[in-house]
Amino acid sequence: MPAVASPHAPVRATESFVHVSAAGKPSFDVAYERRGSGEPVVLLHGIGHHWQAWEPVLTILAASHDVIALDLPGYGDSPPLPDGVSYEMGSVVPLLAETFRALDLQRPHVVGNSLGGLLALELGLHGAARSVTALSPAGFWAGAERHYAYAVLKGMRAGAKALPDGLVRMLARSAAGRAALTGTIYARPGRRSPEAVVAETRSMRNATGFAPTLAAGRLPGVVFDKDLPEIPVTIGWGEKDRLLLRRQGVRAKKTIPGARLASLPGCGHVPMNDDPAVVARLVLDTVATVRTPAG
């Protein structure tokens, strides 16, 4: 099924919600931001984050594409999944495919960071993505690397929950304070605005999906070990990623031999703020490799 241009009008500046309901499944709501027009591109953030992690890449991409940035269930403004619905990959991936259908998207290009990168690859594996760009995706770790990443993430979550808003706002006013709050995931935390740092600290603190996602990730076999020969895949890895180390990108390339592996100079685990122009170009280059049939 070919990807199609979205009929939605360009430029939507306010966040919206989509109600997702499929036969025989509990319904749920997903918050999203949608801008631009053209072929659809979906952006998926990492654990503890929210769709705003994609600013200003989102704006760059929206100049030529219909761009939809989601708050994953249990993150940002999206409510948690209904009681009894698992956060395991086998559950969340079909739910995201249903979300695409609810948004009138037919096999969009999917771009993800960290957890979102793993989800993007899984969506590609299940035929729900026309191309995949994965930035420091989870799922290519060895055992000790996964334990390290989990420990760092739990430390970030504990810090976000322990710091009162007033102290977070005070720290965010200075470059040193922003580095203390977000230096684990950004190579250039001083570039992040004080308002953005406060908002993403709150997002980490309030993420109802954080604990169940980590719990699901501890299950055996939470790795990505399948090839994706049918669609274009790009793996981007920040040279200064302190959470998921660069050697995991080499494993990703071995797992998906046809993928393009790109090093992102001067970028950390969340490269969209460190160098938005490079990230946007990586996405656009990947999307451009897919030819949409005439008509």
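Begin with helix 4, which gives the most to the lining of the second largest pocket, with 4 residues. Keep in mind while selecting that this is a predicted model.

With helix 4 still shown, bring up the rest of the second largest pocket, whose volume is about 320 Å³. Its lining has 23 residues, and the ones to pick for a view of its centre are Met-156, Leu-181, Ile-185, Glu-200 and Met-204, the closest to that point. Next add helix 6 (175–182) and helix 7 (194–206), which, together with helix 4, are the elements that give two or more residues to this lining. If you colour the lining of the second largest pocket by class, you will find 11 nonpolar, 11 polar and 1 charged residues.

Now move to the largest pocket, which has a volume of about 430 Å³. Select Met-89, Leu-115, Leu-118, Thr-213 and Gly-217, which of the 30 lining residues are the closest to the centre of this pocket. Then show helix 2 (89–102), helix 3 (115–125), helix 4 (143–162) and helix 8 (210–217), each of which supplies at least two residues of the lining of the largest pocket. Coloured by class, the lining of the largest pocket has 23 nonpolar, 5 polar and 2 charged residues.

For a last stop, select Asp-83, which is found in the loop between strand 4 (66–70) and helix 2. Is this residue buried or exposed? Asp-83 has a relative accessible area of 80%, and because a value over 50% counts as exposed, Asp-83 is exposed. Finally, add Pro-26 to the selection: Pro-26 and Asp-83 lie 57 residues apart in sequence, while their C-alpha atoms are 9.0 Å apart in space.

Note on methods: Residues numbered from 1 in each chain as written. Predicted model: local features only at pLDDT ≥ 70, side-chain atom pairs only at ≥ 80, totals over all residues. Heavy atoms only, no water. 1 Å grid on protein atoms, 1.4 Å probe; cavity = no way out; pocket = protein on both sides within 12 Å on 5 of 7 lines; lining within 4 Å. Points joined across faces, edges and corners; volume = space filled by probe spheres on them. Nonpolar A, V, L, I, M, F, W, Y, C, P; charged D, E, K, R; others polar. Buried < 20%, exposed > 50% of the residue type's maximum accessible area, 1.4 Å probe, protein only.
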